[in-house]
Amino acid sequence: MDEGVDPTRMCQTLMDKVARSKLLMSVAEPDLLVLFEDWLEELEREVLSLARRSPVIDSDTLSKELGLSRSGANFLLKKLQKEEKL
């Protein structure tokens, strides 16, 4: 069964990410987390504003317009799509 997906490894990777997330929450200052959330919300508003002006928006365009990495722009697009904001 060579389907290219190892469920055990995928589960371990997910658990590692959860553990890192919990660690970050335990050491991060609450004020810093609030600033990060504010920054992320501002980026989301900028993405939505760009999307209203342009019917087609992709991670390359978004990364150039907002000065983000392509993976950061892709993250924002997927997040907003998942939340059905785009």
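The exercises below, each with a worked solution, concern a predicted model of one protein chain.

**Exercise 1. Overall make-up**

Determine how many helices and strands the protein chain has, and what share of its residues count as buried.

Solution. Begin with the secondary structure: the protein chain has four helices and zero strands. In sequence order this gives the pattern α-α-α-α. Next take the burial: 19% of the 86 residues of the protein chain count as buried. Finally, look at contacts between residues at least 6 apart in sequence; 40% of these join residues at least 24 apart.

**Exercise 2. Packing of helix 2 and helix 3**

Describe how helix 2 and helix 3 pack, giving the angle, the distance between axes and the handedness of the crossing.

Solution. Two quantities describe a pair of packed helices: the angle between the axes and the distance between them. Helix 2 and helix 3 pack at an angle of about 120 degrees, and their axes lie 11 Å apart. Helix 2 is therefore oblique to helix 3, since the range 65 to 115 degrees is what counts as roughly perpendicular and roughly antiparallel requires an angle over 145. The crossing of the two helices, helix 2 and helix 3, is right-handed.

Now list the residues that make the contact. Helix 2 supplies Leu43, Glu46, Val47 and Leu50, while helix 3 supplies Leu62, Glu65 and Leu66. Sorted by class, the contact of helix 2 with helix 3 has five nonpolar, two charged and no polar residues.

**Exercise 3. Salt bridges around Lys79**

Identify the salt bridge that Lys79 forms with a residue of helix 2, and the network of salt bridges to which Lys79 belongs.

Solution. Side chains of opposite charge can pair when their charged atoms come close. Lys79 forms a salt bridge with Glu44, and the closest N and O atoms are 2.6 Å apart. This pair links distant parts of the chain, with Lys79 in helix 4 (residues 70-82) and Glu44 in helix 2 (residues 30-53), 35 residues apart. Glu44 counts as buried because its relative accessibility is 8%, below the 20% cut-off.

A further salt bridge joins the side chains of Lys79 and Glu83 (2.7 Å, N to O). Glu83 has a relative accessible area of 36%, so Glu83 is partly exposed. Taken together, Glu44, Lys79, Glu83 and Lys85 are linked in a network of salt bridges. The count of salt bridges comes to five.

**Exercise 4. From helix 3 to helix 4**

Find the salt bridge between Asp60 and Arg70, classify both residues by accessibility, and then do likewise for Ser59.

Solution. The side chains of Asp60 and Arg70 meet in a salt bridge, at 2.6 Å from N to O. Distant parts of the chain are linked here: Asp60 lies in helix 3 and Arg70 in helix 4, ten residues apart. With a relative accessible area of 32%, Asp60 is partly exposed, whereas Arg70 counts as exposed at 55%.

Ser59 is found in helix 3 (residues 59-66). Ser59 counts as buried because its relative accessibility is 14%. Leaving aside neighbours within four places in sequence, Ser59 is in contact with Arg70, Ala73, Asn74 and Leu77.

**Exercise 5. Backbone of Glu84**

Which sign does the phi of Glu84 have, and is Glu84 buried or exposed?

Solution. Locate the residue first: Glu84 is found in the segment after helix 4. The phi of Glu84 is positive, about 60 degrees, although Glu84 is not a glycine. With a relative accessible area of 71%, Glu84 is exposed.

Methods: Residues are numbered from 1 along each chain as its sequence is written. This is a predicted model: local features need pLDDT of at least 70, side-chain atom pairs count only at pLDDT 80 or more; totals for chains, interfaces and linings use all residues. Side-chain values use heavy atoms; hydrogens and water are left out. Buried means under 20% relative accessible area, exposed over 50%, partly exposed in between (1.4 Å probe, protein chains only). Contact means heavy atoms within 4.5 Å. A salt bridge is a side-chain nitrogen of Lys or Arg within 4 Å of a carboxyl oxygen of Asp or Glu. Axes are lines fitted to C-alpha atoms, for helices over the stretch in contact, and angles run from 0 to 180 degrees between N-to-C directions. Angles under 35 degrees count as roughly parallel, over 145 as roughly antiparallel, 65 to 115 as roughly perpendicular and the rest as oblique. A crossing is left-handed if the near helix is turned anticlockwise from the far one by less than a right angle, and right-handed if clockwise. Ala, Val, Leu, Ile, Met, Phe, Trp, Tyr, Cys and Pro count as nonpolar, Asp, Glu, Lys and Arg as charged, and the others, Gly among them, as polar.
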